[in-house]
Amino acid sequence: AALTARVVAEAGVTPLAPGRPGVEFTERTDGTRRWLFVVNHTDDAVAVPVEGHELLADAAFTGHVPARGVAVVRR
């Protein structure tokens with residue numbers, strides 16, 4: 001754990017949304033556009049401080065991912 005923490009710190013890696021156990025964040029880019037994938041593995045809805053267009057609902061992202069839900073946000 002100590003080695004991983006050191007390598008992550010030295011690489012300058014920062015979490016997309018710190019302090020969210022049970023919520024998985026992955027960001028992808030094609031060099032121009034960015035997409036944020038949020039998978040909520042918990043039994044509670046979560047607030048995500050991100051703006052963009054939610055592709056699964058084809059609507060502006062409200063910032064909330066329901067319990068056991070998924071959001072794909074074009075940023």
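**Exercise 1. Determine how many of the ten residues of helix α1 (residues 2-11) are buried, and describe what follows the helix.**

Step 1. None of the ten residues of helix α1 (residues 2-11) is buried, so the helix lies largely in the open. Here buried means under 20% relative accessible area, exposed over 50%, and partly exposed in between (1.4 Å probe, protein chains only). Helices (H or I, at least four residues) and strands (E, at least two) are DSSP runs, numbered from the N terminus.

Step 2. After α1 comes Gly-12, with a positive phi near 75°.

Step 3. A note on the basis of these values is in order. The model is predicted: local features need pLDDT of at least 70, side-chain atom pairs count only at pLDDT 80 or more, and totals for chains, interfaces and linings use all residues. Residues are numbered from 1 along each chain as its sequence is written, and side-chain values use heavy atoms, with hydrogens and water left out.

**Exercise 2. State which secondary structure the chain contains and what its overall dimensions are.**

Step 1. The chain has one helix and seven strands, in the sequence pattern α-β-β-β-β-β-β-β.

Step 2. Along the principal axes, the C-alpha atoms fill a box of roughly 40 × 35 × 15 Å.

Step 3. Of the 75 residues, 25% count as buried. The chain exposes about 5,200 Å², of which carbon and sulfur atoms supply 56%; accessible areas come from the Shrake-Rupley method with a 1.4 Å probe, and for residues only the protein chains shown count as cover.

**Exercise 3. Establish the strand order of the open sheet and identify its edge strands.**

Step 1. The open sheet has five strands in the order β1-β2-β7-β4-β5, with antiparallel pairing. Two strands pair if DSSP finds at least two bridges between them.

Step 2. β1 and β5 (59-60) are the edge strands, since each pairs on one side only.

Step 3. Start with β1 and β2, which pair in the antiparallel sense over seven bridges. Glu-24 stands opposite Val-39 in β2. Four residues lie between the strands of this hairpin, where Gly-31 takes a positive phi near 100°.

Step 4. Continue to β2 and β7, an antiparallel pair with five bridges. Val-39 stands opposite Val-70 in β7, and the bridge partner of Trp-35 in β7 is Arg-74.

Step 5. Finish with strand β4 (residues 53-54), which is joined to β7 by two bridges in an antiparallel arrangement. Glu-54 has Val-73 in β7 as its bridge partner.

**Exercise 4. Identify the residues of the largest nonpolar core and trace the surroundings of Leu-36 and Val-50.**

Step 1. The largest nonpolar core consists of twelve residues: Ala-17, Val-23, Phe-25, Leu-36, Val-38, Val-46, Val-48, Val-50, Phe-61, Val-65, Ala-71 and Val-73. A nonpolar core is a set of buried Ala, Val, Leu, Ile, Met, Phe, Trp, Tyr and Cys residues joined through side-chain atoms within 4.5 Å.

Step 2. Two or more residues of this core come from each of β1 (23-29), β2 (34-40) and β7 (70-74).

Step 3. Leaving aside neighbours within four places in sequence, Leu-36 is in contact with Leu-16, Phe-25, Thr-26, Glu-27, Val-50, Ala-71, Val-72, Val-73 and Arg-75. Contact means heavy atoms within 4.5 Å.

Step 4. Val-50 is placed in the loop between β3 (46-47) and β4, and Val-50 is buried, with a relative accessible area of 14%. With neighbours within four places in sequence again left aside, its contacts are Leu-36, Phe-61, Val-73 and Arg-75.

Step 5. Val-50 and Gly-63 are 13 residues apart in sequence, and their C-alpha atoms are 6.1 Å apart in space.

**Exercise 5. Decide whether Asp-58 and Arg-68 are buried or exposed, and give the phi of each residue.**

Step 1. Asp-58 lies in the loop between β4 and β5. Its phi is near 50°, a positive value in a residue other than glycine.

Step 2. Asp-58 counts as exposed because its relative accessibility is 60%.

Step 3. Arg-68 belongs to the loop between β6 (64-65) and β7. Its phi, near 60°, is positive in a residue other than glycine.

Step 4. Arg-68 is exposed as well, with a relative accessible area of 54%.
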